[in-house]
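This report is meant for a reader meeting the structure for the first time. Please look over the sequence and the 3D view before reading on.

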Amino acid sequence: MENVVIKTDKLTKRFGDFIAANEITFEVKKGEIFGFLGANGAGKTTAMRMLCGLSMPSSGTATIAGFNVYKQTEDIKRNIGYMSQKFSLYEDLTVLENIRFFGGIYGLSNRELKSKGEELVEQLGLQKEAKKLVQALPLGWKQKLSFSVAVLHQPKIVFLDEPTGGVDPVTRRQFWDLIYEASAKGITIFVTTHYMDEAEYCDRLSIMVDGKIEALDSPANLKKQFKAASMDDVFYQLARGAKRSD
Ligand SMILES: Nc1ncnc2c1ncn2[C@@H]1O[C@H](COP(=O)(O)OP(=O)(O)OP(=O)(O)O)[C@@H](O)[C@H]1O
């Protein structure tokens with residue numbers, strides 16, 4: 001189907017005898033905000049690395065933005081954006097320098113970098129900070145900037161690996177305004193999180209336990225299915241049976 005931008009079928013990653021991601025099968029549609037949940041060690045990062053073309057699956061299939069994860073990893077990388085807590089902005093470059101640096105990596109021309117850089121600084125209200133080092137910004141602003149940089153080249157999909165770690169719910173909510181804007185423009189959002197307030201903001205959620213997807217639906221349907229008052233409760237019901245935890 002044309003509208004499907006991520007499609008996996010029994011995607012599996014083994015490390016020796018250990019199965020980190022076990023026959024995961026799902027589809028994500030264009031513009032959808034898809035939450036990828038699981039306790040520590042459930043296999044989220046392993047799965048996400050395969051979807052980004054960074055790690056070769058052991059078996060199964062996956063198509064990302066129409067490209068095959070075994071054979072077309074360079075095409076995948078050109079069509080996605082990526083943001084994680086661990087890999088983020090350069091603290092010792094200014095806001096504008098970071099925008100230009102990462103925009104350049106994503107293949108924008110000098111002209112685009114100049115206009116998009118200024119546009120972005122204005123949109124984020126960072127005019128006064130544009131020439132300041134990123135290390136001077138509060139964490140919430142760094143995260144917003146980092147997300148904006150990851151979608152500067154208008155990728156088809158953006159992968160967010162725990163993008164809002166360490167900030168309060170109000171700051172997280174502001175970050176999510178940017179996510180909604182990107183999704184409204186047709187960018188698909190694939191996001192891992194440990195925060196259940198964030199899970200509630202997603203269109204659909206997948207919950208992984210010990211390498212397998214144990215539940216997949218909208219937050220409202222999951223709560224119905226598990227007769228739970230909150231996503232916290234759904235998550236707890238699923239994750240308490242987990243054998244792995246790092
Ligand atoms: N290169 C590797 N070699 C062996 N085992 C690995 C390797 N990478 C990950 N694992 C194991 O695979 C399992 C899944 O790890 P993964 O990092 O995907 O989990 P996660 O759901 O992303 O957890 P977290 O929320 O802690 O990041 C863990 O038990 C981990 O120890």
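## The open sheet

In this predicted model, four strands make up an open sheet, arranged in the order 2-1-4-5 and paired in the antiparallel sense. Its edges are strand 2 and strand 5 (67-68), each of which pairs on one side only.

Strand 4, which covers residues 59-64, is joined to strand 5 by two bridges in the antiparallel sense. Within this part of the sheet, Thr63 has Asn68 of strand 5 as its bridge partner.

## Around the ligand

The ligand is surrounded by 13 residues, and the closest of them are Phe15, Ala20, Asn40, Thr45 and Thr46. By character, the shell around the ligand divides into four nonpolar, six polar and three charged residues.

Strand 2 (18-29), already met as an edge of the open sheet, supplies at least two residues of this shell, as does helix 1 (44-51). Helix 1 gives the most to the shell, with three residues.

## The nonpolar core

In soluble globular proteins, nonpolar side chains tend to be buried together. Here the largest nonpolar core has 65 residues, and those with the most contacts inside it are Leu51, Ile64, Ile157, Val158, Phe159, Ile189 and Phe190. Helix 5, residues 139-150, gives the most to this core, with five residues.

Phe190 also shows how distant parts of the sequence meet: leaving aside its neighbours within four places in sequence, Phe190 is in contact with Ile6, Val28, Phe34, Phe36, Ile157, Phe159 and Leu160.

## Thr188 in strand 8

Thr188 belongs to strand 8, which covers residues 188-192. Is Thr188 buried or exposed? Thr188 counts as buried because 24 other C-beta atoms lie within 10 Å, where the cut-off for a buried residue is 20 or more.

Apart from neighbours within four places in sequence, the contacts of Thr188 are Val5, Val28, Lys30, Gly31, Glu32, Lys156 and Ile157. Ile24, by comparison, is 164 residues away from Thr188 in sequence and 19 Å away in space, C-alpha to C-alpha.

## Strand 9 and its partners

Strand 9, made of residues 204-209, is mostly covered, since five of its six residues are buried. Strand 9 runs parallel to strand 3 (residues 33-38), to which five bridges join it, and in this pairing Phe36 has Ser206 as its bridge partner.

Strand 9 is also joined by five bridges to strand 10 (residues 212-217), and these two run antiparallel, with Met208 standing opposite Ile213. The hairpin that strand 9 and strand 10 form has two residues between the strands, and in it Asp210 takes a positive phi near 45 degrees.

Methods
Residues are numbered from 1 along each chain as its sequence is written. This is a predicted model: local features need pLDDT of at least 70, side-chain atom pairs count only at pLDDT 80 or more; totals for chains, interfaces and linings use all residues. A residue is near a molecule or strand if its C-beta atom, placed from the backbone, lies within 6 Å of it. Ala, Val, Leu, Ile, Met, Phe, Trp, Tyr, Cys and Pro count as nonpolar, Asp, Glu, Lys and Arg as charged, and the others, Gly among them, as polar. Two strands pair if DSSP finds at least two bridges between them. A nonpolar core is a set of buried Ala, Val, Leu, Ile, Met, Phe, Trp, Tyr and Cys residues joined through C-beta atoms within 7 Å. A residue is buried if 20 or more other C-beta atoms lie within 10 Å of its own, exposed if 12 or fewer, and partly exposed in between; C-beta atoms are placed from the backbone. Two residues are in contact if their C-beta atoms, placed from the backbone, lie within 7 Å.
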